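Please walk me through this protein model. I would like to know how its strands are arranged, how its metal is held, and where its open spaces lie.

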Amino acid sequence: MAALQKLLVDVHTHVYLPRYASLLRARLNAPRILTRSTPSGQTEDRLLILDDEPSGGRPVGAQYWDREEKLKFMDKHGISVSFVSTANPWLDFLPFSDAQVLAQELNADLETYCSTSPSLSPTLKRLYGFGLLPLVPGAPASALAPAVSQLASNHPHIRGIILGTRGAGAGLDDPALEPLWGALAETGLVVFLHPHYGVGAPAWGARENGHVLPLALGFPFETTIAITRLILAGVLDRHPNLRILLAHSGGALPQLSSRLASCITHDPEVAGRLKHDARWYLGRLWFDAVAYGAAELGFVSEAVGRAERYASVSGKAVGEQEARRSGSQRMVFGTDHPFFPPLGESEKWQSVVENLEAIGEVEAWSEEDKDGVRGGNAMRLFGLQ
Ligand code: URA
Ligand code: ZN
């Protein structure tokens with residue numbers, strides 16, 4: 001068991017399975033993969049995932065669909081186990097009937113992708129997955145809980161689902177989604193909440209800044225808003241067993257959680273709906289460590305570690321150092337592969353190296369805490385050994 005505590009486990013790593021990549025290639029508008037000629041007379045594939053994508057989208061290639069490339073990337077960075085999820089925008093752009101069929105097919109593909117991956121031990125594979133639900137605009141709520149049960153019962157290597165922020169069209173605080181949360185809590189599937197659309201585009205201004213503003217700010221704010229709406233709708237109160245993993249270290253939620261708590265307090269109508277102070281819910285959530293900096297990781301873990309203080313029945317006070325440590329137990333390493341590829345010839349991907357260095361440099365974490373964030377916490381979250 002001690003050796004498993006030292007594994008490097010990537011919980012945030014994406015794929016466009018071949019079936020999904022074919023769908024994107026067949027499309028004429030975003031999301032799509034198109035092939036274009038380069039000035040040097042060659043051709044290149046480009047991925048366009050938003051209608052107003054700057055700079056003609058981004059390069060896309062085998063890293064996105066070839067399992068061998070995923071395993072090579074893992075080997076290069078010392079990653080033992082990966083929890084692979086379909087990259088955005090999932091099935092969001094399809095009518096429900098198509099999404100329902102494709103979700104089943106892609107979940108079966110992903111199960112095979114994982115179950116036939118190399119083994120690390122008789123009980124441990126190198127690849128596990130987050131499946132897809134046909135949660136698209138217009139999806140009938142009655143279809144969602146059965147889809148969850150079907151996914152959980154027939155796909156042993158799929159340990160969670162990846163979820164965008166739009167729900168069935170009205171966001172994740174839509175009361176119609178109540179049975180979905182119930183089903184997810186019951187199965188124990190981990191919900192990986194991930195952005196796609198960004199928020200705030202009108203504020204980005206006229207200057208050409210490529211993908212920087214939507215990715216650095218729009219993405220995390222989208223996640224922040226979605227999880228905040230979920231908290232305000234009482235979903236975490238009604239489903240205490242729901243396990244939600246937030247992309248990009250929860251965006252701005254940890255930084256804004258005390259302000260959120262204060263705003264709620266001053267709005268008695270909203271406060272009356274919640275069982276706890278807003279900060280308490282941080283301790284119910286999981287956060288990937290895709291933040292690229294030690295200060296940010298330390299801060300998130302401290303905010304998470306303090307959550308217990310804000311239970312409605314006041315908990316015991318926690319010292320600052322202790323708070324950072326216990327908060328770290330809800331944080332899990334991720335890479336966001338194959339996004340953010342190296343720009344030049346380099347042995348390792350800078351985006352991975354930065355995230356690993358950040359974990360190593362959090363002053364308040366012991367070696368045991370760091371090992372937890374690198375892998376032990378994910379093993380616990382997903383019930384692996
Ligand atoms: N990371 C993702 O997961 N998706 C993107 O579109 C960009 C970065
Ligand atoms: Zn991602």
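This report covers the sheet, the metal site, the spaces and some backbone details.

## The sheet

The model is predicted, not determined by experiment. Start with its strands. An open sheet is built from 8 strands in the order β1-β5-β8-β9-β10-β11-β12-β13. The pairing is parallel. Which strands stand at the edges? They are β1 and β13. Each has a single partner strand, so one side of each lacks a neighbour in the sheet.

Begin at the β1 edge. β1 runs parallel to β5, and 5 bridges join the two. Within this pairing, Thr13 has Val84 in β5 as its bridge partner. β5, residues 81-86, also pairs with β8. That pairing is parallel too, over 4 bridges. Here Ser85 has Phe130 of β8 as its bridge partner.

Next comes the link between β8 and β9. These strands run parallel and share 3 bridges. Gly131 stands opposite Ile161 in β9. To get from β8 to β9, the chain passes through helix α4, residues 144-154. This β-α-β crossover is right-handed.

Is β8 enclosed or open to the outside? Buried here means under 20% relative accessible area. In β8, residues 127-131, 5 of the 5 residues are buried, so the strand is largely enclosed by the rest of the structure. Its side chains point two ways. Leu127, Gly129 and Gly131 point one way, while Tyr128 and Phe130 point the other.

## The zinc site

Now look at the zinc ion, ligand 2. Which residues supply its protein donors? They are His12, His14 and His194, each through NE2, and Asp336 through OD. These donors lie 2.0 to 2.2 Å from the zinc ion. Along the chain, their spacing is H-x1-H-x179-H-x141-D.

Two of these residues come from distant parts of the sequence. His14 sits in strand β1, residues 9-15, and Asp336 in the loop between β13 and α12. The pair therefore ties together parts that are 322 residues apart in sequence. Both residues are buried. His14 counts as buried because its relative accessibility is 0%. Asp336 counts as buried because its relative accessibility is 5%.

## Pocket and cavity

The model has open space as well. The largest pocket holds about 1,600 Å³. Its lining has 46 residues. Nearest the pocket centre are Tyr292, Phe339, Phe340, Pro341 and Ser351.

Several elements each give at least two residues to this lining, among them β4 (58-59), α2 (67-76), α8 (253-265) and α12 (350-360). Which element supplies the largest share? It is α6, with 5 residues.

There is also an enclosed space. The count comes to 1 cavity of 30 Å³ or more. The largest cavity holds about 120 Å³. It is lined by 13 residues, and Asp92, Leu133, Leu135, Leu163 and Gly164 are the closest to its centre.

The table sets out both linings by residue class.

| Lining | Nonpolar | Polar | Charged |
|---|---|---|---|
| Largest pocket | 23 residues | 14 residues | 9 residues |
| Largest cavity | 8 residues | 3 residues | 2 residues |

## Backbone details

Some peptide bonds deserve a look. The bond from Ala30 to Pro31 is cis, with omega near 0 degrees. Pro31 belongs to the loop between α1 (18-25) and β2 (32-37). Asn88 and Pro89 are also joined by a cis peptide bond, with omega of about 10 degrees. Pro89 is in the loop between β5 and α3.

Trp90 is found in the loop between β5 and α3 as well. What is the phi of Trp90? It is positive, about 50 degrees, although Trp90 is not a glycine. Trp90 counts as buried because its relative accessibility is 3%.

Ser249 is not a glycine either, and its phi is positive at about 55 degrees. Ser249 is placed in the loop between β11 (243-246) and α8. Is Ser249 buried or exposed? Its relative accessibility is 3%, so Ser249 counts as buried.

Notes
Residues numbered from 1 in each chain as written. Chains lettered and ligands numbered in written order. Predicted model: local features only at pLDDT ≥ 70, side-chain atom pairs only at ≥ 80, totals over all residues. Heavy atoms only, no water. 1 Å grid on protein atoms, 1.4 Å probe; cavity = no way out; pocket = protein on both sides within 12 Å on 5 of 7 lines; lining within 4 Å. Points joined across faces, edges and corners; volume = space filled by probe spheres on them. Nonpolar A, V, L, I, M, F, W, Y, C, P; charged D, E, K, R; others polar. Buried < 20%, exposed > 50% of the residue type's maximum accessible area, 1.4 Å probe, protein only. Pairing = 2+ DSSP bridges. Right-handed = clockwise from strand over helix to strand, strands pointing away. Donors = N, O, S within 2.8 Å, 3.2 Å for Na, K, Ca; no water.
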